[in-house]
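Biologist: I would be grateful for a close look at the helix packing in this protein, with particular attention to the part where helices meet. Please also describe the empty space that the fold leaves.

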Amino acid sequence: MRKLAPIPYGSLFFAPMEGITDEAFRKTILKLFPEWDYLACDFLRVPSAGRYPAKHLVRHFGKELFELPWVQEKTMYQILTSHRAFTAEMVRQVDELEIPWLDVNIGCPSPTVCRNGGGSFLLTDIPKLGALLAEVRSNYRGRLTAKIRVGYKDTTNFEESIRMLNDVGVEAITVHGRTQAQMYKEPADWSFIRRAVELSKVPVIGNGDVWETADIDRMLRETGCHAVMAARGALKAPWMAQDYRRGFFDRDGSATFKRIKAFFQDYRALLETENISMRGLLKQSKSVSRFMLEGADGGEAIRRKLILSQTVPEFFSVIDSL
Ligand SMILES: Cc1cc2nc3c(=O)[nH]c(=O)nc-3n(C[C@H](O)[C@H](O)[C@H](O)COP(=O)(O)O)c2cc1C
């Protein structure tokens, strides 16, 4: 099993996002904006019986993981589980495949996932979650991390969750400053990230409401966190990490359309080399475009045209007109 270098202070993470951060998307981001220090693959659900065929894991996590060492260094691979799922089995399989970084999703707010006892619902019983994670730890030799919300319906268990994660041997914790009940709507409360930093011996990665470059420094400064993870902000402005490293602040958004166009031209070219179906290309492109135009001057009308596009040429003729 490859041993990963420690995560440097001030690293920037492009967050996992289901339906978006698949291999083709991550490849585009790495090619266009290598300033992102780390990317994350969205979760793979642990099956409730048996094992997936290995090729299913390869398909989900991406084949470059198994071929390119630098992709291994830069990518966090995630599972979503519950007490009912075959977690130890799956973790052993991840270990056998020598996937060097495994993150456990303890934050998913989806009502269906939570009803089945997974995602952020796991935060309702910390000792039980601790036992599950101890099982994960004992079956996995690579870097184990966890991504949590600050609670399920409330934050009563928050401090206990941070202590438990340290005790079971998790090597970094991403803290998303919202409870499950807050979904994505209310502002993320960074004071919980600061509290996690005080309580944790392992690095804390701050997450929630990083919308622009200035928020990166603000989060590092206000919370003392070790690294910063952006999700919707990163999707809206995939060039955020590049701007941050270059000290560029596009306050009036004038570069936005040009950058969206350049992004999609590369994204399309890469997806086409993957032999993705036209339907798949259209679906992916729509998910990716969802956040990019938000708040941009005249962006709403363009976004609507993109979402209503019925074919790939129609979608890209809107992009080409930008
Ligand atoms: C469309 C979408 C899909 C997501 N999928 C995942 C996922 O697969 N795994 C995960 O840990 N978090 C997932 N998240 C949560 C984000 O990684 C992040 O924690 C959350 O959006 C808060 O960060 P933000 O305020 O920067 O958006 C998802 C969020 C969105 C908007």
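Modeller: The account below takes the helix contacts in turn and then moves on to the pocket and the cavity. The model is a predicted one.

A suitable place to begin is helix α15, which covers residues 312-320. Its axis and that of helix α13 (residues 278-292) come within 9 Å, and the two cross at roughly 35 degrees. The crossing of α13 and α15 is left-handed. On the side of α13, the residues that make the contact are M278, L281, L282, S285, K286 and S289. On the side of α15, they are V312, F315 and F316. Sorted by class, the residues of this contact are 6 nonpolar, 2 polar and 1 charged.

Helix α15 also packs against helix α12, which spans residues 256-273. Here the angle is about 150 degrees, and the axes lie 9 Å apart. Because angles over 145 degrees count as roughly antiparallel, α12 is roughly antiparallel to α15. The crossing of α12 with α15 is left-handed. From α12, the contact takes in I260, K261, F264, Q265 and R268. From α15, V312, F315, F316, I319 and D320 take part. V312, F315 and F316 of α15 therefore appear in the contact with α13 as well as in the contact with α12. The contact of α12 with α15 comprises 6 nonpolar, 1 polar and 3 charged residues.

Another pair of helices is α6 (residues 126-138) and α7 (residues 158-167), whose axes are 10 Å apart. They pack at an angle of about 20 degrees. Angles under 35 degrees count as roughly parallel, and so α6 and α7 are described as roughly parallel to each other. The crossing of α6 with α7 is right-handed. Helix α6 contributes I126, P127, L129, G130 and L133, while α7 contributes E160, S161, M164 and L165. In this contact, 6 residues are nonpolar, 2 are polar and 1 is charged.

The next subject is the space between the atoms. Rolling a probe the size of a water molecule over the atoms shows where empty space is left. The largest pocket holds about 650 Å³ of space. Its lining has 31 residues, and those closest to its centre are P16, M17, E18, Y184 and A231. Two or more lining residues come from each of β6 (143-151), β7 (172-179), β9 (227-230), α10 (232-236) and α13. Strand β6 gives the most, with 3 residues. By class, the pocket lining has 15 nonpolar, 8 polar and 8 charged residues. Helix α13 thus belongs both to the pocket lining and to the packing with α15 described above.

There is also enclosed space, with 1 cavity of 30 Å³ or more. The largest cavity has a volume of about 60 Å³. Which residues line the largest cavity? They are E23, R26, K27, L30, F61, G62, E64, L65, V71 and Y77. Helix α1 (residues 23-32) supplies the largest share of this lining, with 4 residues. The lining of the largest cavity divides into 5 nonpolar, 1 polar and 4 charged residues.

How values were computed. Residues numbered from 1 in each chain as written. Predicted model: local features only at pLDDT ≥ 70, side-chain atom pairs only at ≥ 80, totals over all residues. Heavy atoms only, no water. 1 Å grid on protein atoms, 1.4 Å probe; cavity = no way out; pocket = protein on both sides within 12 Å on 5 of 7 lines; lining within 4 Å. Points joined across faces, edges and corners; volume = space filled by probe spheres on them. Nonpolar A, V, L, I, M, F, W, Y, C, P; charged D, E, K, R; others polar. Axes fitted to C-alpha atoms, helices over the stretch in contact; angles between N-to-C directions. Left-handed = near helix turned anticlockwise from the far one by under 90°. Contact = heavy atoms within 4.5 Å. Parallel < 35°, antiparallel > 145°, perpendicular 65-115°, else oblique.
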